Amino acid sequence: MPATPSVAASSSWRDDEGTRMPSGDVHAWWPGQNQTLCGVPLSRARLARFPGVLWIDAVWVAETDADAPVMGLCRRCTAATRAKKDRPSRLARRRPG
């Protein structure tokens, strides 16, 4: 299994070289599974699979490339791909003030 998940998206577009790229609602997806990291079933949501496009690349394109079509990154998939050390702890003890 790759170190980062691939992408599943609601639509696609072709770049200048003719490569199919994701657009629309974009989710993180592990190849070989039938659902996204946030739990959306690929077939029922009619999401196209992009096994050659890594999630980190989609995040980078969404943040930097103004020429690419709009990609709406799933917030739950984004949270699921963050490192555990970067996630806020729900069980953290706080001193009452």
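This report walks through a predicted model of one protein chain, from its overall layout to a few individual residues.

## The chain at a glance

Let's start with the broad picture. The chain has three helices and four strands, and from the N terminus on these elements follow the order β-β-α-β-α-β-α. Of its 97 residues, 28% are buried. The accessible surface comes to about 7100 Å², and carbon and sulfur atoms account for 49% of that area.

Contacts between parts of the chain that are far apart in sequence are also worth a look. Among contacts with a separation of 6 or more, 50% involve residues 24 or more positions apart.

## The sheet

The four strands form an open sheet in the order β3-β1-β2-β4, and the pairing is mixed. The edge positions belong to β3 (48-54) and β4 (71-73); each has a single partner strand, so one side of each is left without a neighbour in the sheet. From one strand to the next, the twist averages 35°. As general background, strands of a sheet pair through backbone hydrogen bonds, in either a parallel or an antiparallel sense.

Strand β1 (residues 6-14) has antiparallel partners in both β3 and β2: four bridges link β1 with β3, and eight bridges link β1 with β2. If you would like to trace the β1-β3 pairing on the model, Ser-6 stands opposite Leu-54, and Ala-9 has Ala-48 as its bridge partner in β3. For the β1-β2 pairing, find Val-7, which stands opposite Ala-28 in β2. The hairpin of β1 and β2 has five residues between the strands, and within this hairpin Gly-18 takes a positive phi near 90°.

## A helix across the strands

Helix α2 (residues 55-64) lies across β1, β2 (20-29), β3 and β4. Relative to β4, the helix runs at about 120°.

## The nonpolar core

In soluble globular proteins, nonpolar side chains tend to be buried together. Here, the largest nonpolar core holds 19 residues, and the members that touch the most others are Val-7, Val-26, Trp-55 and Cys-77. Two or more residues come from each of β1, β2, β3 and α2, with α2 giving the largest share, four residues.

Val-7 is a handy place to begin exploring. Leaving out residues up to four places away in sequence, Val-7 touches Pro-22, Val-26, His-27, Trp-29, Ala-48, Arg-49, Phe-50, Val-53, Leu-54, Trp-55 and Ala-58. Two of the other best-connected core members, Val-26 and Trp-55, are included in that list.

## Two cysteines without a bond

If you work with cysteines, you may want to look at Cys-38 and Cys-77. Both are buried: Cys-38 has a relative accessible area of 16%, while Cys-77 is at 0%. For Cys-38, the closest cysteine sulfur is the one in Cys-77, at 3.6 Å, which is too far for a bond. The cut-off for a disulfide is a pair of cysteine sulfur atoms within 2.5 Å. A search of the whole structure accordingly finds zero disulfides.

Cys-77 also has a polar neighbour, Thr-36, which is found in the loop between β2 and α1. Thr-36 is buried, with a relative accessible area of 2%. Apart from neighbours within four places in sequence, Thr-36 is in contact with His-27, Ala-28, Trp-29, Leu-42, Leu-47 and Cys-77.

## Two exposed residues

Arg-46 lies in the loop between α1 (42-45) and β3. Most residues other than glycine have a negative phi. Arg-46 has a positive value instead, near 55°. With 71% relative accessibility, Arg-46 counts as exposed.

Gly-52 is found in strand β3, one of the two strands at the edges of the sheet. At 72% relative accessibility, Gly-52 is exposed as well. The C-alpha atoms of Gly-52 and Arg-20 are separated by 9.6 Å, although these residues are 32 apart along the chain.

How values were computed: Residues numbered from 1 in each chain as written. Predicted model: local features only at pLDDT ≥ 70, side-chain atom pairs only at ≥ 80, totals over all residues. Heavy atoms only, no water. Pairing = 2+ DSSP bridges. Axes fitted to C-alpha atoms, helices over the stretch in contact; angles between N-to-C directions. Contact = heavy atoms within 4.5 Å. Buried < 20%, exposed > 50% of the residue type's maximum accessible area, 1.4 Å probe, protein only. Core = buried A, V, L, I, M, F, W, Y, C linked by side-chain atoms within 4.5 Å. Areas by Shrake-Rupley, 256 points an atom, 1.4 Å probe, with all protein chains shown as cover.
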